[in-house]
Amino acid sequence: MRPPHALFAATAALVAAAVVPPSPAAAAVPAAGTYYVQSATTGLNAADNGGAVEQHNPKGNEDHQQWNLRGSGSSYVLESADTQGSCLGRLGDQARTVSCASADAAWDIAPAGDDQYTLKAPGTERRLTVGARPSGSNYPAQLVIGSSGGLATWYLTPVTSPTGPMPSPDQRTLDQVTFLTAHNAYANGVDGGFAPPFVNLVPNQARGISRQLDDGVRGFMLDIHQTPDGAILCHNSCTLVSRPVALWVDVQRIVDFLGTHPDQFVTVFLEDYVDPGVLRSELARVNGLSDVLYRPDRTGVGQNGWPKMTDLIAANDRLLILTDHSRAADEAAGLTRDSFGVMYQKDWTVENYWSMGPGIGSSDWSCYSRWYDANTVIPLTRTEPGFRPLFVMNHFRDAAIASTAQTDNTKLADRAQRFCGPAARKKPNYLAVDRYDLGDPASAVNTLNTYTYP
């Protein structure tokens with residue numbers, strides 16, 4: 001039963017609505033506030049670059065990407081959060097910043113489905129749009145004023161991400177949970193060699209796979225290369241690597257851990273340079289793998305969304321293996337990895353670009369898709385009709401310098417909340433770091449597991 005104050009508030013709201021019904025325009029547009037104007041096609045943000053309005057990689061409160069939405073007569077304006085009186089507007093066929101008092105700063109904003117909007121010049125059919133992409137190249141940075149269509153749809157993404165309470169443990173679904181993830185988990189210098197001698201001096205992790213599992217790591221990024229011995233864990237190549245570890249050995253460690261911890265769920269991410277037949281043979285060596293292997297392609301995720309964690313545990317579907325290999329290449333080879341239970345990562349996840357910069361010096365916290373280039377555009381904001389892809393958030397640099405990793409890991413929650421969450425319009429499900437033993441990244445995981453991003 002609702003408490004009395006809730007009943008009173010609901011009644012008052014109904015009375016107010018009956019007396020002064022909201023206009024259709026007011027009901028269709030988000031409330032006044034600070035937003036990112038984010039392309040539904042590319043996932044990139046409208047940014048003021050010296051008066052030109054361009055699409056840039058999402059960069060939080062940097063780079064002039066935040067806009068204050070407010071009503072202006074029967075239309076709306078988007079004023080730069082950095083420059084008072086300067087609004088996102090038009091100059092001919094280009095998007096420009098103009099005086100907020102100018103008629104060229106006004107926009108008619110209308111819903112375009114799936115939380116998307118169009119921004120139209122009042123009294124015309126001219127809309128803010130991404131420029132058409134020349135064949136084989138990226139979309140141009142400069143935003144333009146053009147006709148309707150898919151390139152003219154936008155998210156108005158709140159700068160402060162909306163959150164909801166985390167469901168109880170028996171109700172939360174896989175896409176609501178965040179897992180601590182070890183980047184290059186095999187490159188630890190404990191289980192075996194992983195790179196040529198000099199690279200071997202800078203391991204990404206300092207503890208072996210079994211200890212990582214005991215410490216709460218639940219996502220493992222593994223690079224596999226093909227040698228006469230099968231699928232081997234090495235960085236870049238296995239040439240000159242002393243005592244490298246075979247993939248099946250580490251997967252067996254994970255399966256054995258799951259056997260003694262029946263309430264746990266683990267994900268393996270393969271940076272995958274082997275033939276599908278070699279990978280199939282390698283995984284066939286793992287005792288008990290088929291008992292715990294999770295197959296989202298066979299359990300209705302594409303139509304019904306991600307299951308509850310309790311249902312995964314009850315079904316013993318507790319090990320998800322993903323590969324970054326090309327499905328098209330496997331089809332050409334005549335054997336697809338998902339035929340033996342290895343899922344194609346691009347089907348089920350989105351992932352930000354992996355590097356924040358070199359191991360020392362300045363860093364780049366911008367958060368944009370790893371799969372955005374001349375041939376592929378999979379924005380972090382991608383959704384599917386039946387489910388939301390899981391979000392893999394990379395938070396590491398080119399080289400795993402311990403002092404830098406420690407500092408970066410203390411900033412993990414902040415980047416997830418202010419940069420990557422708004423960029424993807426979802427909460428990260430996997431926080432991938434170097435040297436998880438430094439800077440307490442587990443605390444960021446705990447923080448993210450207190451709320452959901454509706």
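Gly386 touches Val301, Gly302, Gln303, Asn304 and Gly305, when residues up to four places away in sequence are not counted. This contact is a good place to enter the structure, which is a predicted model.

## Around Gly386 and Gln303

Gly386 belongs to the loop that runs between strand β21 (349-351) and strand β22 (390-395). Its relative accessibility is 21%, and because buried means under 20%, Gly386 counts as partly exposed. One of the residues that Gly386 touches is Gln303, and Gln303 has its place in helix α7, which covers residues 301-304. Gln303 has a relative accessible area of 62% and is therefore exposed. The C-alpha atom of Gln303 is separated by 7.5 Å from that of Pro385, although the two residues are 82 residues apart along the chain. For Gly386 and Arg172, which are 214 residues apart along the chain, the C-alpha atoms are separated by 17 Å.

## The chain as a whole

The protein chain has 13 helices and 24 strands. Its C-alpha atoms fill a box of roughly 70 × 55 × 45 Å, taken along the principal axes. A compact globule of 454 residues would have a radius of gyration near 22 Å, and the 24 Å of the protein chain agrees with this. Buried residues make up 51% of the 454 residues. If one takes the contacts in the protein chain with a separation of 6 or more, then 67% of them are accounted for by residues 24 or more positions apart.

## Two buried residues and their contacts

Val177 lies in the loop between β13 (164-165) and β14 (179-182), and with a relative accessibility of 11% it counts as buried. Leaving out residues up to four places away in sequence, Val177 touches Met166, Arg172, Met309, Pro428, Asn429 and Asn449. Val177 and Val445 are 268 residues apart in sequence, while their C-alpha atoms are 9.0 Å apart in space.

Ile145, by contrast with the loop position of Val177, is found in a strand, namely β11 (residues 143-146). Its relative accessibility of 6% means that Ile145 counts as buried. Beyond its neighbours within four places in sequence, Ile145 is in contact with several residues, among them Arg90, Gly92, Asp93, Trp107, Arg126 and Leu128. Ile145 and Glu125 are 20 residues apart in sequence, and from C-alpha to C-alpha they are 9.7 Å apart in space.

## Two loop residues with positive phi

Asn184 has a positive phi of about 45° although it is not a glycine, and Leu240 likewise is not a glycine but has a positive phi of about 70°. Where in the chain is Asn184 found? Asn184 is in the loop between β14 and α3 (209-214). Leu240 is found in the loop between β16 (230-233) and β17 (245-246). Are these residues buried or exposed? Asn184, at 2% relative accessibility, counts as buried, whereas Leu240, with a relative accessible area of 68%, is exposed.

## Two pairs of helices

The table sets out the geometry of two helix pairs.

| Helix pair | Axes come within | Crossing angle |
|---|---|---|
| α4 (residues 247-260) and α5 (residues 276-283) | 9 Å | roughly 45° |
| α12 (residues 412-424) and α13 (residues 441-448) | 8 Å | roughly 40° |

At roughly 45°, the angle between α4 and α5 makes these helices oblique to each other. Helix α4 passes α5 in a right-handed crossing. The residues that make the contact are Leu247, Trp248 and Val251 of α4, together with Leu279, Glu282 and Leu283 of α5. Sorted by class, this contact of α4 with α5 has 5 nonpolar, no polar and 1 charged residues.

The helices α12 and α13 are likewise oblique to each other. Their contact is made by Leu412, Ala413, Ala416 and Gln417 of α12 and by Pro441, Ala444, Thr447 and Leu448 of α13. How many residues of each class does the contact of α12 with α13 hold? The residues divide into 6 nonpolar, 2 polar and no charged.

How values were computed:
Residues numbered from 1 in each chain as written. Predicted model: local features only at pLDDT ≥ 70, side-chain atom pairs only at ≥ 80, totals over all residues. Heavy atoms only, no water. Axes fitted to C-alpha atoms, helices over the stretch in contact; angles between N-to-C directions. Helix = DSSP H or I, 4+ residues; strand = E, 2+ residues; numbered from the N terminus. Parallel < 35°, antiparallel > 145°, perpendicular 65-115°, else oblique. Left-handed = near helix turned anticlockwise from the far one by under 90°. Contact = heavy atoms within 4.5 Å. Nonpolar A, V, L, I, M, F, W, Y, C, P; charged D, E, K, R; others polar. Rg over C-alpha atoms; globule rule 2.2 N^0.38 Å. Buried < 20%, exposed > 50% of the residue type's maximum accessible area, 1.4 Å probe, protein only.
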